[in-house]
Amino acid sequence: SALQGRPGAPRPAAEMADSRKFGTEVWIALAVYLGLLLLLLVYAAVLRCIRARSTAPKENSLVEHFLAGRNLGPIALGFSVSASMFSGYTVVGLPAEAYSKGFSAWRWVGSCTFITIVYMAYAPRMQWLSRVRGHDSLCYYIKDRYGIAQQHRDPLHWLMVIVLLVPCFIYLCAQFDAFGNTISTLTGGAVTPVIGAVGLAALIAVFEILGGLHVVALTDVVQGVVLVAGAMLILISMDIHFEGLPAISKKLEVLDPSLVQVMDGAQGLSWAEFWIGVGVQRALFPDYPQRAMAASSQKSLRVGMAILALSPFLVQVPLLFFGIIGRVHHPDLENPKEIFTLVVLDIIYSDMFGKVVGSIMMAACLAAIMSTADSVLMVVSQIVTLDIIRPIQEAIAAKRSSHSASEVASAPPASPSAASEPGKVPPFAVPAAAAAGTGPPKTGGCLVISSRIVTVIAAGVCIPVVESNIDLSFMIQFQSAILAQTLPTIV
C-alpha cells in the first residue's frame, strides 16, 4: 500500500497483463544485440576463409568446424562454457522457483558450482588426450579407451550415441519452445511461437554452417556479457525502482515466514542430493567435453574453468531476486513462470532509466536461450556426423577397398615382356597403396558438407515439436524409462 502513490508502482497482475506491453526500446536493444552477433558472424566467416587457404591438411576441416581448430582461447572458452550452462530455464524457471519457495531456490547456485567441480575433474585430461590421441568427439574417446575396432558393429558405441543424442534433442526442443514463446510474448501474440522458433532455427543454423564452433564461441562471449549485464542490473534497480532488499525481505517474512526461514537438516540433505544429481549430469552433457577438446592449452582451460566457477554468482544469484521481488509485489500470481516478465515490466514502466535497464534484461533472456540452443545444435550435428555417419561411411569405404584388393589378387599375372620394358605399365596394374588398402578414406570434405545438412535438419525437426506443443517433461520420463530398462541388459 505504501507504493501506490509512487510513479510506476507495481499494479495487480491481472491489470498489468491486459494493459502493459513492451515498447520500442526493447526492440532497439534486441536489434543492437542481433547486430553484434551478425558482425561476429562476418568476422568469423572471413577468418575461417583465411584459415582454409593456409597449408593446413584437408583432414583438419572437421576439427576446424566442430572444435574451432583446437584453438579456443581462455575468454572465448570460459564464456562459451558458462553461456551453455544457462538456458531459458535460468531466466524463467529460477525466478519462478524463488517466487514459490523463497530463498531456498538458491540451491541452484550450489548445483552449478558442483558442475564446475565435476568439469575440473575430467576436462584437463580430456583436453590433453584429444591432442595426443586425436579425439574429435566423445564417442571417439570411447572407441580409443575400449579398443573398439568397428564402431558400426559395436553395441557400446550405439548405446553411447543414444544416451548422448536423445537428451540433447529434448534439450534443443526446449530451447526452441522457450524462444518461440518469448518472442510471442514480446510481440503481444503478433508473432506465433512457431514463427519465432523458425527464426531462431534459421539464425543459429546460419551461424554454425558459416562459422562452426568458432563463431558459436564468439557469439557466446556477447551473449554472456549481455546475460551478466541483464542479471546484475536488478541489484541496482532493486534500490531505485523498488524498496531495497532489506525491506523486501521483511515484507516477504510477513507474507510467508517459510520463504525466509533457515532450512533444517533434511532440507540441507536434499540440497546436497540436488547438487550431486544436477552437477554430475550437466557436467557430462556433450557440449562440455566438446569445449574441453577445443581448448587451445591447459592454461586456457584453467582460465575458462575459473570463469565458469564465477558465473553462477553473477547470473543466477541476481536472477533469483526477480522471484523475491515478484512475490512481494505480485503475491497472487497463478503462473509463477510469468514473474520475470512482470518484474521487467515494472521496471520498464517506472522511468526512462527503467526502460533502458528493462530492455537489457529482456535481451538477456533471449541471450540465455540462444547461447544454449546454438551449443546444443552444434553438439547434435557433431554426434550425428562423426558418430553415426562417419562409422557407416568408413565401413562402406573399407568394404570397397577390400573388394578392390581381392580383384587385384585374383587378376592374371602380367607378361614378362610387358613388365620388363621400361616405362610401360603392365596390364591390371594398380598403385601399391591402393592395392594394400592402407590409409583412411578421404571423407573429410564430405563429412563437413554432411554436418551442414545435419544442422539444418536438426533445427528443422524441432519446429514440429514446438507446433504440436508436446510435453517435454513426458519425453524426458519416456527416455529415462527406456534407459532404465535397456541399460542393465546391455551392460
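These are my notebook entries on what I looked up in this predicted model.

**Overall make-up**

I started with the secondary structure and found 19 helices and zero strands. Next I checked burial: of the 491 residues in the protein, 47% are buried. I also looked at how far apart in sequence the contacting residues sit. Among contacts with a separation of 6 or more, 82% join residues 24 or more positions apart.

**The core**

I then turned to the nonpolar core. The largest one has 130 residues, and Tyr119, Phe176, Phe340 and Met361 have the most contacts inside it. I wanted to know which helix gives the most to this core. That is helix H15, residues 352–409, with 20 residues. A background note to self: in soluble globular proteins, nonpolar side chains tend to be buried together.

I picked Phe176 for a closer look. Setting aside residues up to four places away in sequence, Phe176 touches Ala197, Leu200, Ala201 and Ile204, and also Ala459, Cys462, Ile463 and Val466.

**Phe322**

My next stop was Phe322, which I found in helix H13 (residues 298–329). Is Phe322 buried or exposed? Its relative accessibility is 0%, so Phe322 counts as buried. Without neighbours within four places in sequence, the contacts of Phe322 are Pro95, Ile234, Ile339, Phe340, Val343, Val344 and Met361. Two of these names, Phe340 and Met361, were already in my core entry as residues with the most contacts there. I also noted the spacing to Ile339: 17 residues in sequence, and 7.3 Å in space from C-alpha to C-alpha.

**Helix H7**

For helix H7 (residues 138–146) I listed the buried residues Leu138, Cys139, Ile142 and Lys143. Why do they sit on the same side of H7? They cover an arc of only 150° around the axis, and that puts them on one side. The general rule I keep in mind is that an α-helix has 3.6 residues a turn, so residues three or four places apart point the same way. I also looked just past the end of H7, where Gly147 takes a positive phi of about 65°.

**Two crossing helices**

I compared helix H9 (residues 193–240) with helix H12 (residues 287–294). Their axes come within 12 Å and cross at roughly 105°. An angle of 65 to 115 degrees counts as roughly perpendicular, and H9 and H12 are therefore roughly perpendicular to each other. On the H9 side the contact is made by Leu213, Val216 and Asp220, and on the H12 side by Gln290, Arg291 and Ala294.

**Salt bridges**

I closed with the salt bridges, of which the structure holds six. I went through three entries among them.

- Arg107 pairs with Glu97, with the closest N and O atoms 2.7 Å apart. Arg107 lies in helix H6 (residues 107–132) and Glu97 in helix H5 (residues 88–101), so this pair ties together parts that are ten residues apart in sequence. Both Arg107 and Glu97 are buried.
- Arg282 and Asp287 meet through their side chains at 3.2 Å, N to O. Arg282 is buried, with a relative accessible area of 11%, and Asp287 is buried too, at 2%.
- Glu243 pairs with Lys251, the closest N and O atoms being 2.8 Å apart. Here I found partly exposed residues: Glu243 has a relative accessible area of 23%, and Lys251 has one of 36%.

Conventions: Residues numbered from 1 in each chain as written. Predicted model: local features only at pLDDT ≥ 70, side-chain atom pairs only at ≥ 80, totals over all residues. Heavy atoms only, no water. Buried < 20%, exposed > 50% of the residue type's maximum accessible area, 1.4 Å probe, protein only. Helix = DSSP H or I, 4+ residues; strand = E, 2+ residues; numbered from the N terminus. Arc of directions from axis to C-beta. Salt bridge = Lys/Arg side-chain N within 4 Å of Asp/Glu carboxyl O. Core = buried A, V, L, I, M, F, W, Y, C linked by side-chain atoms within 4.5 Å. Contact = heavy atoms within 4.5 Å. Axes fitted to C-alpha atoms, helices over the stretch in contact; angles between N-to-C directions. Parallel < 35°, antiparallel > 145°, perpendicular 65-115°, else oblique.
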